[in-house]
Amino acid sequence: MSHHHDDHNSILASPTPHGLIDRAIVSFDKGLRAIVPKSNPSTRPLPVNSDKMPELSITESRHVAGLMRINHTGEVCAQGLYHGQAVTAKSERVKQEMHHASLEEIDHLVWCETRLSELGSHPSVFTPVWYGLSFGLGAVAGLVSDEFSLGFVAETEAQVSEHLQDHLTRLPEQDCRSRDILTQMDIEECEHRDMAIDQGGSVLPEPVRVTMRWLANRMKDVAYHL
Ligand SMILES: [Fe+2]
Ligand SMILES: [Fe+2]
């Protein structure tokens, strides 16, 4: 009992560890919300034009679920990347920027999660792994420099947009619901890309861009099925 009390006092006595513990708890909570389904309150409703559920065959609905699982995983990775970069960003401004971006991506995460459950499916079983890997990548990008980190965001968002465009062509004709969601996400990913460039993001070296694309493709291969 008294031992416990001492611990508590020593934490309060020194502001630095206290702040660190606070930050660690907040980070942990953000991470958990990225990987635990239904743990985020969505701030905006599904961006769909009609409440009518499209009629899909079993094969079609399985295919759409595969695509939406990839998109959900992409958003989990976005959370990991932004959280990792926020931890290692040099300037307070970039830290804030990363935090803000991750909040906007939460809506995307929730929209994909909702569509997946409408389709009777679920997010990727490897969600915690995707989050962890992305967090590590983000943290490394943040360590290089703020310009690199912002450039990394710009490139990520550009690749996500490209891939959303591709998914839009692969959805069954009648699935307006998924199409509306992906269209709105695409608009916002392009805004994120532009913001990162405006903030001073540098153009990444070709090998880095190629590696990012390769990693994203491996993620897509796995997340479509699992
Ligand atoms: Fe997103
Ligand atoms: Fe984005």
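## Aromatic pairs

Tryptophan 130 has a relative accessibility of 12% and therefore counts as buried, a class that requires a relative accessible area under 20%, with exposed residues over 50% and partly exposed ones in between, for a 1.4 Å probe and protein chains only. The coordinates are those of a predicted model, in which local features need pLDDT of at least 70 and side-chain atom pairs count only at pLDDT 80 or more, while totals for chains, interfaces and linings use all residues. Residues are numbered from 1 along each chain as its sequence is written, chains are lettered from A and ligands numbered from 1 in the order in which they are written, and side-chain values use heavy atoms, with hydrogens and water left out.

Rings of Phe, Tyr and Trp (for Trp the six-membered ring) are paired if their centres lie within 6.5 Å, and are called stacked with planes under 30 degrees apart, edge-to-face over 60 and tilted for the rest. Three aromatic pairs are counted by this rule. In one of them, phenylalanine 126 and tryptophan 130 have ring centres 6.3 Å apart and planes at 80°, so the pair is edge-to-face. In another, tyrosine 131 and phenylalanine 135 have ring centres 6.1 Å apart and planes at 40°, so this pair is tilted. Tyrosine 131 and phenylalanine 135 both belong to helix H5 (residues 127-144), where they are four residues apart, about one turn of the helix; helices here are DSSP runs (H or I, at least four residues), numbered from the N terminus.

Accessibility adds to the description of these pairs. Phenylalanine 126, with a relative accessible area of 33%, is partly exposed, whereas tryptophan 130 is buried. Tyrosine 131 is buried at 10% relative accessibility, while phenylalanine 135 is partly exposed at 26%.

## The two iron ions

The iron ion (ligand 1) has as protein donors Glu75 (OE), Glu75 (OE), Glu105 (OE), His108 (ND1) and Glu189 (OE), at 2.0 to 2.3 Å; donors are N, O and S atoms within 2.8 Å of the metal (3.2 Å for Na, K and Ca), and sites may look incomplete because water is not among the atoms. Along the sequence, the donor residues of this iron ion (ligand 1) follow the spacing E-x29-E-x2-H-x80-E.

For the iron ion (ligand 2), the protein donors are Glu105 (OE), Glu157 (OE), Glu157 (OE), Glu189 (OE) and His192 (ND1), lying 1.9 to 2.3 Å from the metal, and the donor residues are spaced E-x51-E-x31-E-x2-H in sequence. The two iron ions, ligand 2 and ligand 1, lie 3.7 Å apart and are bridged by glutamate 105. Glutamate 105 in helix H4 (residues 92-118) and glutamate 189 in helix H7 (residues 176-198) form a pair that links distant parts of the chain, 84 residues apart. Glutamate 105 is buried, with a relative accessible area of 1%, and glutamate 189 is likewise buried, with a value of 1%.

## Helix H3 and the cavities

Helix H3 (residues 58-88) comprises 31 residues and spans 45 Å from its first C-alpha to its last, close to the 45 Å expected at 1.5 Å a residue, the expected span being 1.5 Å times one less than the number of residues. Of the 31 residues of H3, 24 are buried, so the helix is largely enclosed by the rest of the structure.

The structure contains three cavities of 30 Å³ or more. On a 1 Å grid over the protein atoms alone, a cavity is a set of points where a 1.4 Å probe fits but cannot get out, a pocket is an open set with protein on both sides within 12 Å along at least five of seven lines, and lining residues have an atom within 4 Å of a point. Grid points are joined across faces, edges and corners, and a volume is the space filled by probe spheres set on the points.

The largest cavity has a volume of about 80 Å³, and its lining includes Glu75, Glu105, Glu157 and Glu189. H3 gives the largest share of this lining, six residues. The second largest cavity holds about 60 Å³ of space, and among its lining residues are Tyr82, Val153 and His192. H4, H6 and H7 are the elements that give two or more residues to this second lining.

## The largest pocket

The largest pocket encloses about 730 Å³ of space and is lined by 34 residues, of which Cys77, Leu137, Met212, Leu215 and Ala216 lie nearest its centre. At least two lining residues each come from H3, H5, H6 and helix H8 (206-225), and H8 supplies the largest share, twelve residues.
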